[in-house]
Amino acid sequence: MAVEAEKWVHMVTAQTPTNIAVIKYWGKRDETLILPVNDSISVTLDPDHLCTTTTVAVSPSFDRDRMWLNGKEISLSGGRFQSCLREVRSRASDVEDEENGIKIAKKDWEKLHLHIASYNNFPTAAGLASSAAGLACLVFSLAKLMNVKEDQSKLSAIARQGSGSACRSLYGGFVKWIMGKDEDGRDSLAVQLADEKHWDDLVIIIAVVSSRQKETSSTSGMRETVETSLLLKHRAKEIVPKRILKMEEAIKNRDFTSFAQLTCADSNQFHAVCLDTTPPIFYMNDTSHRIISIVEKWNRSEGTPQVAYTFDAGPNAVMIAHDRKAATLLLQRLLFYFPPNSDTDLNNYILGDKSILQDAGLEGIKDVEGLPPPPEIKDGIPSQKYKGDVSYFICTRPGRGPVVLSNKKQALLNPENGLPK
Amino acid sequence: MVGGAEKWVMMVTAQTPTNIAVIKYWGKRDESLILPVNDSISVTLDPDHLCTTTTVAVSPSFERDRMWLNGKEISLSGGRYQNCLREIRSRASDVEDEENGIKIPKKDWDKLHLHIASYNNFPTAAGLASSAAGFACLVFSLAKLMNVKEDQSKLSAIARQGSGSACRSLFGGFVKWIMGRDEDGRDSLAVQLADEKHWDDLFIIIAVVSSRQKETSSTTGMRETVETSLLLKHRAKEIVPKRILQMEEAIKNRDFTSFAQLACADSNQFHAVCLDTSPPIFYMNDTSHRVISIAEKWNRSEGGRRWHILLMRAQMQY
């Protein structure tokens with residue numbers, strides 16, 4: 001039974017990380033339930049650097065469900081949002097907020113409306129998979145608000161219906177999205193393989209590549225690949241299952257050589273099946289290829305891989321370095337080939353964990369200009385540089401899963417009226 | 001018996017076209033004999049625009065085999081040249097040049113040396129498969145010089161040992177390189193599907209894209225793909241055989257829609273298996289992608305009957 005003053009607002013604010021797949025999800029066997037054609041494995045990134053923050057609020061004074069994304073109101077009428085809202089609501093239970101004297105009975109939830117505000121601390125245009133973090137945060141925060149008593153994997157099966165890769169953002173560390181067998185998708189969910197402390201030597205550098213290209217959306221792209229690529233079936237049936245097992249082993253044993261080989265091979269094969277689509281899909285561009293060449297050359301000259309690379313449905317490079325030292329050497333190479341424009345402050349060119357610049361001995365632009373060519377380039381030909389081809393870099397690491405933020409200052413909605421601050 | 005003056009020189013000059021595969025050859029099952037993992041089909045291009053011209057000469061006064069390519073002397077010691085020379089020489093027969101009073105009996109050929117000069121009328125750096133045309137021309141002109149009595153397909157099996165795609169330049173029009181089954185490669189050769197008059201509406205435009213990139217050589221690249229791509233086996237075994245049959249039908253029936261769909265799909269799949277290689281091979285760059293986008297958008301746009309006719313007359317090859 002709702003409390004007398006019908007203007008009360010009950011809110012929860014949560015924060016969710018994004019994730020990067022190292023064995024890729026590309027292709028659905030069911031478009032509505034978002035069931036994939038193969039398993040996938042991801043690394044969750046540190047939400048200190050990249051995250052979605054969401055505040056969800058409920059009040060008898062709200063007359064309809066509303067949502068604001070990065071300050072702009074958006075529609076909740078689409079199937080994906082509706083699926084998530086329906087699935088969480090149907091699992092709501094009794095809520096009691098003693099401090100504010102609010103009681104919401106299980107049966108009241110379906111009559112009450114929600115206000116949702118979500119904010120990404122990274123630009124949507126950067127192609128950094130904001131919908132994964134966003135929908136994961138929506139489901140997680142609503143589940144907290146409505147006192148849903150399901151475990152994290154069951155919540156991931158709900159988030160999955162909002163955006164496939166969102167299910168993997170319900171955990172920190174290393175996560176596997178099990179494709180499942182059931183028609184209704186109840187067994188298609190995420191599990192944690194290892195938490196973020198398991199392999200915390202790893203350092204991740206993301207190159208946000210300048211691109212004027214309008215990308216093919218993942219949803220339509222993967223559908224076209226399922227419909228037209230003769231190589232995809234073979235990949236999903238014969239190749240990925242073996243890679244999943246090998247990747248689980250590599251993560252368990254912290255075997256970076258295997259991890260890197262599998263990650264690079266699977267990224268390349270994902271882009272290969274995109275190319276094998278009609279019409280062909282090109283997510284990587286010349287800059288992406290150059291980054292791959294730089295990493296491949298260095299890895300081969302060292303004998304064992306120092307850095308793994310992987311690309312999603314866009315030209316951005318996500319590079320996972322064996323350790324801090326490898327990341328520093330990688331950054332020196334990247335800055336050698338992709339120096340910032342002369343008017344750019346180095347502080348705005350490396351985001352996230354900026355302390356890596358100090359490790360690399362780079363205080364300012366002059367230090368970047370003074371970088372020597374990598375030793376593995378032996379042919380004596382002066383190297384070509386590609387100034388401006390990378391917009392900026394982000395330095396991060398594997399990170400934790402979703403958390404509730406109890407600091408009221410971090411709420412995105414005003415507790416008085418439930419509207420964006 | 002050789003003619004009196006030992007300074008005589010006997011020469012033949014020939015011209016050979018280059019070709020572009022529409023169902024691709026990529027991957028060998030035998031590196032020395034150059035035997036492929038699947039069939040391939042090509043279109044021979046008009047030698048008026050792109051060709052190799054080769055003069056081969058024999059004389060008792062020549063001390064050793066020598067070759068000049070585009071004016072520069074090159075070595076003939078490599079396995080591919082040696083294979084072609086050996087295979088042709090072993091099939092030489094009696095030659096008589098009545099006009100100049102020269103007679104070369106079969107048994108004399110292995111004592112005589114050759115001078116070869118070859119010239120491409122297109123730049124080597126343009127990446128337009130000069131070795132296909134070059135080896136085809138070498139084999140063809142030597143076969144003429146030495147009066148080799150083999151049919152064109154048998155000659156193609158020899159050219160194949162110089163450069164795989166060279167075998168397809170022994171015919172005009174539309175050509176298929178049958179992968180063969182024999183270990184010794186005797187049945188891995190080219191046959192003509194249709195001559196150049198069969199479908200002469202087609203126009204071919206080649207965009208030579210500016211590139212500073214040093215390309216991975218085909219020989220190295222395809223070996224790496226065979227060794228590391230898990231998708232290539234599937235392509236060669238399950239996908240290409242069906243496409244070969246469909247492409248033969250399309251050519252026979254002048255079915256441009258099927259021809260275009262197959263040619264584009266196979267080109268893209270070839271580049272897909274290159275990407276699936278370790279390390280990945282990128283032959284196409286952003287400009288190549290833009291050209292594809294332009295062609296794909298145009299093909300898909302509304303146009304009805306006019307579109308159909310336009311496509312009949314201009315085919316963008318990629």
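Two strands count as paired if DSSP finds at least two bridges between them. The model looked at here is a predicted one, and in its chain B that rule is met by strands S6 and S11, residues 51-59 and 113-120, which run antiparallel and share eight bridges. To pick out one spot along this pairing, B:Val56 sits across from B:Ile116 of S11(B).

S11(B) also pairs with strand S7 of chain B, residues 66-69. Here the two strands run parallel, and four bridges hold the pairing on paper. B:Arg66, for instance, has B:His115 of S11(B) as its bridge partner.

Elsewhere in chain B there is an open sheet of four strands, and reading across it gives the order S2-S5-S12-S13, with antiparallel pairing. The edges are taken by S2 (19-23) and S13 (189-194); each has a single partner strand, so one side of each is left with no neighbour in the sheet. Between neighbouring strands of this sheet the turn is 35° on average, ignoring direction. Moving to one of its pairings, S12(B), residues 174-178, is joined to S13(B) by five bridges, with the two strands antiparallel. Within that pairing, B:Val175 is found opposite B:Gln192 of S13(B).

A helix goes with this sheet as well. H6 of chain B, residues 256-275, lies across S2, S5 (40-44) and S12 of the chain, and runs at about 95° to S2(B).

Another helix of chain B, H3, spans residues 152-159 and includes B:Ser153. Buried is taken as under 20% relative accessible area, so B:Ser153, with a relative accessibility of 14%, falls in that class. Leaving aside residues up to four places away in sequence, B:Ser153 touches B:Phe171, B:Leu189, B:Ala190 and B:Val191.

Over in chain A, helix H8 covers residues 324-337, which makes 14 residues. From first C-alpha to last, H8(A) reaches 20 Å, close to the 20 Å expected at 1.5 Å a residue. As for its surroundings, 10 of the 14 residues are buried, so H8(A) is largely enclosed by the rest of the structure. Among the buried residues are A:Leu330, A:Leu331, A:Leu334 and A:Leu335, along with A:Phe336 and A:Tyr337. The buried list also takes in A:Ala326, A:Ala327, A:Thr328 and A:Arg333. In an α-helix there are 3.6 residues to a turn, so residues three or four places apart point the same way.

Notes. Residues are numbered from 1 along each chain as its sequence is written. Chains are lettered from A and ligands numbered from 1 in the order in which they are written. This is a predicted model: local features need pLDDT of at least 70, side-chain atom pairs count only at pLDDT 80 or more; totals for chains, interfaces and linings use all residues. Side-chain values use heavy atoms; hydrogens and water are left out. The expected span of a helix is 1.5 Å times one less than its number of residues. Buried means under 20% relative accessible area, exposed over 50%, partly exposed in between (1.4 Å probe, protein chains only). Contact means heavy atoms within 4.5 Å. Axes are lines fitted to C-alpha atoms, for helices over the stretch in contact, and angles run from 0 to 180 degrees between N-to-C directions.
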